[in-house]
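Please open the model in your viewer and keep the sequence beside it, since this tour will ask you to select residues by number and then look at what is there.

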Amino acid sequence: MAILVTGGAGYIGSVTVEGLRARGEAVVVLDDLVQGHRLALDADVPFYQGNAGDRKLLARVAHDHKLEACIHFAALASVGESVAEPAKYFENNVEQGIAMISALAQQGVRRVVFSSSCATYGEPEQIPITEQSRQWPTNPYGWSKLFLERLLDSYDTAYGLKFVALRYFNAAGASEKCGEHHKPETHLIPNVLSVALGEQPVVPVFGNNYPTPDGTPIRDYIHVIDLADAHIRALEHLRRGGQSDFLNLGTGHGFSVFEVIECIREVTRRKIPVHIESPRPGDPSRLVADPTKTKAVLAWEPAVSDLRSIVRSAWNWRLRHPSGYVAQ
Ligand code: UFG
């Protein structure tokens, strides 16, 4: 029996594939390689290039491999782009997601671990954010994730599909083998590392007038290895007959943009000039998880998510892969 990992050649997907295979799990990856990288996977990982919602391809994958479960990462995940090009997000994340989950249900796959996001909460009413907090996204990306959450919940009620929707906060860091390489890169830590490496002259800081102690937005950074571990535990939870659930993946501790940059200066010992720019539309001032429920349901603890370890791992990966994933 194999686990289908859609988006398994992407940032979080590839680290999860690494973790699953280290545990001896049979994995098959489906990825369109728009953001993913074939080089992020070992050559012997069964791999299909295509859209997550390609029903014919899914039938072939299900025929070639006896599928037991799916971890569904495949999605576009850039908040700003989703505001500018919502159709792309609803087609890619929602339309493809509906087709994929329906096709898998037809093939008898009854367990899904889904990449959701704290973007489903929108502007939080209270910090830290619990799973019971109001969900009202402030961008199409967040709506696309919330729609799939609702779909999974309805399919559980009607068809008995069991799922865990994991609401990530800010994924960051790298494993020994896999790291973050987006095109274009919009995330804070890889952008600051590009300045540390001299690839970019200055870090744009999007606003310093937020209602936070130093005026820059606060985020809850979670190591990609801890994220991958939570996916594997969510799968085990479903295998044990556990209930469907919605779970936050964060540490409960927030860091401002300036605090992250300072930590990167300390780890890299490089000069990192910054330039204050206008706030990015749709950026909430503070997003911090309450991970209490996740710890109880999955017996999960963020083991390596202190900010220094996150930054050091991302820096080490970038030093080894200065241009990201490129064929040698
Ligand atoms: N930032 C900068 N300069 C940069 C990049 C980012 O100042 O060059 C700031 C942003 O304005 C924000 C913070 O750093 O305040 C973090 O920004 P990221 O782009 O790294 O992450 P976001 O919090 O915007 O987005 C993340 C995930 C999304 C998810 C979202 C939930 O990348 O997928 O959290 O709000 F939807």
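Begin with the second largest pocket of this predicted model, which has a volume of about 280 Å³. To find its centre, select E185, P190, N191, S194 and R318, which are the closest to that centre among the 18 residues that line the pocket. Now colour the elements α6, β8 (203–206) and α10, each of which gives two or more residues to the lining of this pocket. Which element gives the most to the lining? It is α6, with 4 residues. If you then colour the lining of the second largest pocket by class, you should find 7 nonpolar, 7 polar and 4 charged residues.

Next, turn to the cavities, of which a search of the whole structure finds 3 of 30 Å³ or more. The largest cavity holds about 70 Å³ of space, and you can outline it by selecting G173, A174, E180, I189, P190, L193, A314, W317 and R318, the residues that line it. While these are selected, show the helices α6 (188–196) and α10 (307–320) as well, because each of them supplies at least two residues of this lining. By class, the lining of the largest cavity consists of 6 nonpolar, 1 polar and 2 charged residues.

Leave the cavities now and look at the backbone. Most peptide bonds are trans, and most residues other than glycine have a negative phi. With that in mind, select K183 and P184, which are joined by a cis peptide bond with omega of about -5°; P184 is found in the loop between β7 (170–172) and α6. Then move to I127 and P128, where another cis peptide bond, with omega of about 0°, joins the two residues, and note that P128 is in the loop between β5 (111–117) and α5 (140–159).

For the last two stops, select residues with a positive phi. L33, which is not a glycine, has a positive phi of about 60°, and you will find L33 in the loop between β2 (27–31) and β3 (47–49). R269, also a residue other than glycine, has a positive phi near 55° and lies in the loop between α8 (257–268) and β13 (274–277). Is each of these residues exposed or partly exposed? L33 has 23% relative accessibility, so it counts as partly exposed, since that class runs between 20% and 50%. R269 has 76% relative accessibility and therefore counts as exposed, the class for values over 50%.

Conventions:
Residues are numbered from 1 along each chain as its sequence is written. This is a predicted model: local features need pLDDT of at least 70, side-chain atom pairs count only at pLDDT 80 or more; totals for chains, interfaces and linings use all residues. Side-chain values use heavy atoms; hydrogens and water are left out. On a 1 Å grid over the protein atoms alone, a cavity is a set of points where a 1.4 Å probe fits but cannot get out, and a pocket is an open set with protein on both sides within 12 Å along at least five of seven lines; lining residues have an atom within 4 Å of a point. Grid points are joined across faces, edges and corners, and a volume is the space filled by probe spheres set on the points. Ala, Val, Leu, Ile, Met, Phe, Trp, Tyr, Cys and Pro count as nonpolar, Asp, Glu, Lys and Arg as charged, and the others, Gly among them, as polar. Buried means under 20% relative accessible area, exposed over 50%, partly exposed in between (1.4 Å probe, protein chains only).
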